[in-house]
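User: Please take a close look at the helical and aromatic packing of the following structure. I should like one connected account, with the cut-off behind each term stated once.

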Amino acid sequence: MADCLISLATVAAEQKYVRPTISQKINHIKIEDGRHPVVEQMMDFGSFIQNDTMMDKNENRTAIITGPNMAGKSTYMRQVALITLMAHIGSFVPASYANIPIFDKIFTRIGASDDLVSGSSTFMVEMMEANNAISNATENSLILFDELGRGTATFDGMSLAAAIIEYIHNKVRAKTFFSTHYHELTELSETLPNLKKLLEQLIDERGNDADLNDIDTSKIDDMGALFYGSEFNGDISKWNTSKVWNMTSMFEMSKFNGDISGWDVSNVEYMTSMFNSAEDFNQDISEWDVGNVAYMEYMFSGATSFDQEIGHWDV
């Protein structure tokens with residue numbers, strides 16, 4: 001026990017942790033300048049981007065987190081859980097301020113794994129973990145779902161995810177973080193009064209109009225929601241997209257007018273909602289090879305200014 005306490009005290013002093021406030025009366029999470037205690041150790045000093053968290057029992061009780069791959073959704077969720085757990089064991093926490101209510105349990109469903117020895121597929125493991133959370137959580141619990149419904153058909157998975165969110169929101173009433181690539185789920189904020197939307201975005205330190213052609217994209221196979229909801233006019237015309245199979249919602253609700261006419265999309269299978277509600281997009285993509293694309297639902301739905309001729313596409 002002494003070793004444990006001394007270790008916590010040493011880390012707290014070296015990493016400038018603060019003493020959190022633990023309160024039963026103030027039933028909200030409020031974290032200012034929060035940091036992931038493990039991830040920040042793997043980065044150059046001071047390069048971890050601090051962030052705030054505010055969650056109460058009213059309109060901020062359930063949070064849906066969307067954003068592109070590698071934007072920090074999982075890191076943000078785990079950071080909140082770790083700060084909460086550290087506060088409960090009596091440790092100082094990586095933040096400039098933290099108020100943490102007393103939780104009875106923390107439930108997580110993170111990552112993708114199967115248990116074939118026991119006869120459980122990846123999807124079955126997801127459902128069992130989700131069932132454990134919603135069956136045993138109370139309004140004093142913390143729930144983290146990092147993706148849900150991926151192990152089955154797209155619309156089946158999305159329907160399951162929506163139903164689980166609604167059940168937690170209306171019945172369980174636990175504080176919940178739910179990250180997803182199903183951007184359609186953000187529409188639940190229109191019918192669920194205690195749900196809010198969080199968007200994790202990738203921001204280049206060189207600015208919005210940066211030349212990003214030096215980024216090696218040759219090994220990237222998933223660009224789903226990469227520029228979702230962003231205002232970005234940087235140069236990505238030379239990106240190697242030959243291995244990409246998923247461009248779902250890539251430019252959805254964005255303001256982007258960069259040149260992507262030369263992209264190799266011959267391997268892409270999903271372009272669902274790719275330019276859905278995109279503003280001012282009028283690039284010539286008429287020469288794209290879309291022969292391998294299986295899903296194009298809502299690809300240009302609500303998009304403004306797009307008038308290119310694509311009638312000859314092999315679909």
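Analyst: Helix α1 covers residues 2–14 and therefore has 13 residues in the DSSP sense (helices are H or I runs of at least four residues and strands are E runs of at least two, numbered from the N terminus). From its first C-alpha to its last, α1 reaches 18 Å, close to the 18 Å expected at 1.5 Å a residue; the expected span is 1.5 Å times one less than the number of residues. Just after α1, K16 adopts a positive phi of about 60°.

The model is predicted: local features need pLDDT of at least 70 and side-chain atom pairs count only at pLDDT 80 or more, whereas totals for chains, interfaces and linings use all residues. Residues are numbered from 1 along each chain as its sequence is written, and side-chain values use heavy atoms, with hydrogens and water left out.

Helix α3 (residues 122–136) and helix α4 (residues 154–172) have axes that come within 11 Å and cross at roughly 10°. Such axes are lines fitted to C-alpha atoms over the stretch in contact, with angles from 0 to 180 degrees between N-to-C directions. The crossing makes α3 roughly parallel to α4 (under 35 degrees; over 145 is roughly antiparallel, 65 to 115 roughly perpendicular and the rest oblique). On α3 the contact (heavy atoms within 4.5 Å) is made by F123, M127, A130 and I134, and on α4 by L160, I164, Y167, I168 and V172. By class, this contact has nine nonpolar, no polar and no charged residues. Ala, Val, Leu, Ile, Met, Phe, Trp, Tyr, Cys and Pro count as nonpolar, Asp, Glu, Lys and Arg as charged, and the others, Gly among them, as polar.

The aromatic pairs come to eight, a pair being Phe, Tyr or Trp rings (the six-membered ring of Trp) with centres within 6.5 Å. The rings of W239 and W263 have centres 6.2 Å apart and planes at 5°, so this pair is stacked (under 30 degrees; over 60 is edge-to-face and the rest tilted). Both residues lie in the segment after β9 (195–199), so the pair ties together parts 24 residues apart in sequence. W239 is buried at 9% relative accessible area, and W263 is buried at 4%; buried means under 20%, exposed over 50% and partly exposed in between, with a 1.4 Å probe and protein chains only. W239 and W263 join F251, F275 and F300 in one aromatic cluster.

S273 also lies in the segment after β9 and is buried at 2% relative accessibility. Leaving aside residues up to four places away in sequence, S273 touches E184, S249, E252, E297, Y298 and M299.
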